[in-house]
Amino acid sequence: MSARRSKIRTRTTSVGTVIGITLVLCMLGLQGFILLNARAIERYFKEQVRVELFLKRELKEADVLRFRKELDLQPYSAGTLLVTPEEAAAQMKEELGEDFLELLGGVSPIDPSIQLSVKPAYAHPDSMKWIVAGLQKDARLHDVAYNAAVIENMDRNFVTLNIGGLIFLALLLVVAVALINNTIRLAIHSQRFLIRTMHLVGATRWFIKRPFLLSGVWQGLIAAVLAVGTLAGLFWLGKRYVPDLLA
């Protein structure tokens with residue numbers, strides 16, 4: 001009867017251990033996935049950084065083309081887009097829902113501009129400041145505008161996310177090691193009399209350790225398979241119901 005209870009207790013402990021390790025591995029997998037893709041997310045947002053360069057109206061078309069070529073050759077430039085006054089007015093008309101040019105006699109008050117796309121490597125507050133400072137000295141421009149607050153917040157938030165993610169990942173690793181350590185201690189404690197008997201009859205250390213090691217390997221493999229299956233199921237559900245999230 002006591003042997004049967006011992007087997008039931010051992011099986012219950014093993015099942016609990018497998019479930020605990022599975023949950024920890026799932027959390028590690030999710031956190032690792034987030035950290036691995038954080039760089040891609042950061043790069044995506046930094047690729048959207050734009051600088052508005054408002055040109056002087058008296059510039060000729062040849063001067064504008066020359067200026068665009070100069071910008072394209074800059075190491076921080078990822079491309080340029082010319083926005084004429086008519087195109088800017090059409091965009092504003094679409095946003096406002098009414099033709100404001102009728103009140104101005106059909107003449108657009110918006111200056112021509114160039115949208116300068118900045119490479120992700122330069123989309124940092126310090127880099128943006130010296131880029132804008134250099135452009136403001138150009139005599140062909142009368143104004144340079146960009147959203148400094150968004151860039152500063154974006155840079156700070158991604159640094160916080162990376163540091164917080166690494167700390168949380170380290171805590172999960174500590175929890176996983178502690179869980180496995182306690183499981184081994186409990187298994188050894190429950191079999192302490194058998195281990196003592198095996199010592200007395202001359203059993204080697206490897207002979208005593210082997211069952212515990214094999215049990216740990218099996219528990220780890222089962223937990224790993226369950227964790228991989230759970231994560232694969234979560235990613236499949238995410239891809240099916242929230243495709244934009246994974247994209």
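# A walk through the model

Let's start on the outside: Met27, Val159, Ile163, Ile167, Phe168 and Leu171 make a nonpolar surface patch of about 530 Å². Patches here are built from residues with over 30% relative accessible area and no salt bridge, where nonpolar side chains (Val, Leu, Ile, Met, Phe, Trp, Tyr) are joined within 5 Å and like charges within 9 Å. The areas themselves come from the Shrake-Rupley method with a 1.4 Å probe, and for residues only the protein chains shown count as cover. Helix H5 (residues 148–190) gives the patch its largest share, five residues. Methionine 27, in turn, sits in helix H1. With a relative accessible area of 37%, methionine 27 is partly exposed; that label covers the range between buried (under 20% relative accessible area) and exposed (over 50%), using a 1.4 Å probe and protein chains only.

Before going further, keep in mind that this is a predicted model, where local features need pLDDT of at least 70 and side-chain atom pairs count only at pLDDT 80 or more, while totals for chains, interfaces and linings use all residues. Residues are numbered from 1 along each chain as its sequence is written, and side-chain values use heavy atoms, with hydrogens and water left out.

Now for the overall layout. The protein has eight helices and four strands, taken as DSSP runs (helices are H or I with at least four residues, strands are E with at least two) and numbered from the N terminus. Follow the sequence along and you get the pattern α-β-α-β-α-β-α-β-α-α-α-α. The accessible surface comes to about 17,100 Å², and 65% of it belongs to carbon and sulfur atoms. Out of 247 residues, 27% count as buried. What about contacts, meaning heavy atoms within 4.5 Å? Among those between residues at least 6 apart in sequence, 76% join residues at least 24 apart.

Aromatic rings are a good place to see such links up close. The structure holds five aromatic pairs. Rings of Phe, Tyr and Trp (its six-membered ring) pair if their centres lie within 6.5 Å; planes under 30 degrees apart are called stacked, over 60 edge-to-face, and the rest tilted. Take phenylalanine 33 and phenylalanine 235: their ring centres are 4.7 Å apart and their planes meet at 35 degrees, so this pair is tilted. It links distant parts of the chain, as phenylalanine 33 is in helix H1 (residues 2–46) and phenylalanine 235 is in helix H7 (residues 205–241), 202 residues apart. Phenylalanine 33 is partly exposed at 31% relative accessible area, and phenylalanine 235 is partly exposed too, at 28%.

Another pair, tyrosine 76 with tyrosine 122, is edge-to-face, with 6.4 Å from centre to centre and 70 degrees between the planes. Both partners lie in loops: tyrosine 76 between helix H2 (61–72) and strand S2 (77–83), tyrosine 122 between strand S3 (113–118) and helix H4 (125–136), which puts them 46 residues apart. Tyrosine 76 is buried at 7%, whereas tyrosine 122 is partly exposed at 24%. Together with Trp130, Tyr76 and Tyr122 form one aromatic cluster.

Strand S2 is also home to threonine 80. Is threonine 80 buried or exposed? At 15% relative accessibility, it counts as buried. Its side chain makes a polar contact of 3.2 Å with the side chain of aspartate 72. (A polar contact is a pair of N or O atoms within 3.5 Å; within protein, one must be able to donate a hydrogen and the other to accept it, and residues adjacent in sequence count only if both atoms are side-chain atoms.) Setting aside neighbours within four places in sequence, threonine 80 touches Arg68, Leu71, Asp72, Ile114, Gln115 and Leu116.

Last stop: charges. Side chains of opposite charge can pair when their charged atoms come close. This structure holds four salt bridges, each a side-chain nitrogen of Lys or Arg within 4 Å of a carboxyl oxygen of Asp or Glu. In one of them, aspartate 63 meets arginine 66, with the closest N and O atoms 2.8 Å apart. These two are separated by about one helical turn because they are three residues apart in helix H2.

Arginine 140 bridges to glutamate 70 (2.8 Å, N to O). That link joins distant parts of the chain: arginine 140 is in the loop between H4 and strand S4 (141–145), and glutamate 70 is in helix H2, 70 residues apart. Arginine 140 also forms a salt bridge with aspartate 138, at 2.9 Å between the closest N and O atoms. Glu70, Asp138 and Arg140 are thus linked in a network of salt bridges.

Methods
Contact = heavy atoms within 4.5 Å.
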